[in-house]
Amino acid sequence: MKKDVVVIGGGPGGYVAAIRAAQSGKNVVIIDNGGLGGTCLTRGCIPSKALITAADRLEMIRHSSQLGIDVNGDITVDLQRVMEWKNGLIKKLTSGVASLLKANQVEVYSGTATFIDNQTIQVNTTGQSHKFQFYHCIIATGAKPAELQILPFDGDKVISSTEALQLQSVPQKLLIVGGGYIGLELGIAYQKLGSEVTILEGLSQVLPGVDSTLVRVVTKRLKQLGINVKTNAKVTGGNTDGDGVEIQAAINGSEQHFRADQALVAVGRVPNTADLGLENTLVETDEKGFIRVDSQLRTTENHIFAIGDVAGGPLLAHKASFEGKIAAEVINREDVEVDYRAMPYVIFSDPEIAYTGLQPKEAEEQGYDPMVSRMAFQANGRALTLGKDSGFIQIVSDKPTQQILGVQIVGPEASTLISEAVIAIEMEMSAEDLGLMIHAHPTLPEVLQEAAEGVLNQAIHMV
Ligand code: FAD
C-alpha cells in the first residue's frame with residue numbers, strides 16, 4: 001500500500017513530524033538507523049546536559065563552604081556511574097519516543113533508507129529489505145561530527161562529541177579543538193570533573209558568531225575555572241601514540257605544541273545525506289551539502305520535505321521539531337510556513353547564554369532605531385541567594401515604538417529565562433507591556449522585567 005508519509009530519521013525532527021502527520025489521520029512510516037531520539041536524545045542534547053548537571057553538582061559541593069557547609073573527606077567522581085545514570089535517562093526518553101510512535105500508530109522500521117526514485121524508498125536492515133511507495137516524504141536525517149583531515153577521529157585519542165559523552169574515566173588532560181557551543185559545553189563540564197582542559201579556537205573568540213559582550217562574561221568564568229583558551233589558533237597537524245595525542249597549532253604566526261591524553265574535535269557538523277540516494281531524485285543540496293528547502297520546508301521535489309539539521313540553518317533540536325510540525329501541517333494542506341523570528345538560541349555554558357530575536361546590530365541593519373537596556377543579575381536577590389550573580393539581560397527595542405525586538409541573556413538559568421522573551425517577541429509586546437507584568441519575588445525573571453522598565457527609564461534597581 002502506498003504510504004501517505006514516509007519519514008526518514010527518528011530524531012527530534014523526524015519523530016515529531018511523524019506524530020503530527022499521524023495526528024491528522026495520515027498513514028505514516030518512520031525509518032531510523034541510529035536509534036529513536038536521534039542525535040539529541042542519544043548523543044547530543046540530553047547526554048551533554050546530564051554530564052553538565054553532574055559537573056555542576058560537583059562544583060557546587062566543592063564550593064559550598066561559603067554557605068557554611070563543609071564537606072569533610074574526599075569528593076570523588078566515578079565517571080562510569082555518571083555515564084550509567086546518563087544512559088538510564090537516555091533509555092527512559094528513547095523508550096518514551098517508541099511508545100508515543102506506537103500510540104499514534106506510526107510504523108517504525110530500523111534500518112538505512114535510500115531513495116530508489118522520487119516515489120520509492122528502500123530500507124535495508126540486517127539481511128532484509130523493504131520498499132515503500134509514498135505520496136510524501138520528510139527527510140530528517142540530521143548531521144554528524146565534521147572530521148579534520150589532518151587529525152582524523154580514531155575513537156580513542158582523537159574523539160568526537162559522541163565518544164566524549166561516553167568516556168569511562170576523566171582524562172587528566174583534554175584538548176578541545178573548536179570553541180563552538182559543543183566544545184565549550186563539554187570543555188567546561190570536563191574541567192569541573194577534574195580534567196585540565198585547553199581549548200583551541202581558530203577565530204578571535206570562543207563561540208564565534210555570538211555577541212561578544214555576552215561571550216566576555218563566559219570567557220571570564222573560563223579563566224576562573226582554569227580552562228586554557230587559545231584563540232586565533234589554527235591546528236596544523238597532530239599525531240597520536242600510546243600515551244595520548246600531540247597537536248600543533250599556529251597561534252598568531254608562531255607554532256605551538258599541545259599534549260593531552262585525548263583530543264575532542266568539535267569543529268562543526270556535516271549533513272547526513274551520503275546514504276540517501278538523493279541522486280535518484282531531483283532534491284538539491286547547497287555547497288555545504290545541506291538540503292535546500294523553501295519556507296514550507298519543501299525541497300526541489302515538491303512532495304519531498306527536509307527538516308532539522310539536514311536542512312541547515314541553526315543546528316538545534318527545537319528548530320528540528322518546529323520544522324517537523326510545519327512540514328506535517330503543510331502535507332495536511334494547511335497554509336503554514338516557518339517563522340524563526342522568535343526562535344531561542346541557547347548555550348549551556350557557565351554561565352548560560354540565551355538569545356532570541358534581533359541583536360542590536362541586526363536591528364540597525366533592518367532599519368530600526370534600536371535602543372539597548374541592560375540589567376545586571378548582581379542587583380537581583382534570587383541570583384545572590386543562588387550564588388550565581390554574574391551576567392546580565394539586555395533588551396533591544398525599537399526607540400520610537402518601544403517594541404521588543406530582541407533579548408540577549410548571559411547568566412543563571414538563561415536557558416529558562418529566554419522563554420518569556422520568546423513570548424514577548426512572538427506577541428510583539430512593547431517594553432511597557434513586559435514592565436507592567438507582575439513578576440514574582442525573589443526570582444530571576446525580575447531582571448527581565450527591570451530591563452524592560454529600563455527602556456522606559458523607570459527601572460528601580462538600575463543605577
Ligand atoms: P538527528 O537528531 O541527528 O536525527 C537524525 C536521525 O536520522 C538519526 O537517528 C540518524 O541515525 C538517522 N539517519 C540518518 N541517515 C539515515 C538514513 N539514511 N536512513 C535512516 N535513518 C537515518 N540542540 C539543542 O537544541 N540543544 C542542545 O542543548 C543541544 N546539545 C547538543 C549537544 C551535542 C554534543 C550535539 C552533538 C548536538 C546538540 N544539539 C543540541 C543539536 C541537536 O542534537 C540537533 O540539532 C538535533 O538532534 C537535530 O535533530 P534532527 O531530527 O534534525 O536530526
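What follows is a short walk through the overall build, the ligand shell, one sheet and one covered helix of this predicted model. Because the model is predicted, local features are held to a pLDDT of at least 70 and side-chain atom pairs to 80 or more, while totals for chains, interfaces and linings use all residues. Residue numbers start from 1 along each chain as its sequence is written.

The protein chain holds 13 helices and 22 strands, these being DSSP runs (H or I over at least four residues for helices, E over at least two for strands) numbered from the N terminus. With 463 residues, a compact globule would be expected to have a radius of gyration near 23 Å, and the 24 Å of the protein chain agrees with that; the radius is taken over C-alpha atoms, and the globule rule is 2.2 Å times the number of residues to the power 0.38. The C-alpha trace spans about 70 × 65 × 45 Å along its principal axes. Buried residues account for 46% of the 463, buried meaning that 20 or more other C-beta atoms, placed from the backbone, lie within 10 Å of the residue's own.

As for the ligand, 38 residues surround it, and the closest are Gly 11, Gly 34, Gly 38, Gly 142 and Gly 308; a residue counts as near if its C-beta atom, placed from the backbone, lies within 6 Å. Two or more shell residues each come from β2 (28-32), α2 (38-43), α3 (45-62), β4 (112-117) and α8 (317-331).

Next comes an open sheet of 5 strands, running β8-β15-β9-β10-β11 with parallel pairing, where a pair needs at least two DSSP bridges. Its edges are β8 (158-159) and β11 (228-230), each paired on one side only. Between β8 and β15 (residues 262-265) there are 2 bridges in the parallel sense, and Val 158 sits opposite Ala 263 in β15. Helix α6 (residues 181-193) packs on this sheet, touching β9 (173-177), β10 (196-200) and β15; contact here means C-beta atoms, placed from the backbone, within 7 Å. The directions of α6 and β10 make about 160 degrees, with axes fitted to C-alpha atoms (for helices over the stretch in contact) and angles running from 0 to 180 degrees between N-to-C directions.

Finally, helix α13 (residues 445-455) is mostly covered, with 11 of its 11 residues buried. Among them are Glu 446, Glu 450 and Glu 453. The buried residues of α13 pack against β20 (370-376), β21 (392-398), α11 (414-426) and α12 (431-436). Just after the helix, Asn 457 adopts a positive phi of about 65 degrees.

Terms used. Buried ≥ 20, exposed ≤ 12 C-beta atoms within 10 Å, placed from the backbone. Contact = placed C-beta atoms within 7 Å.
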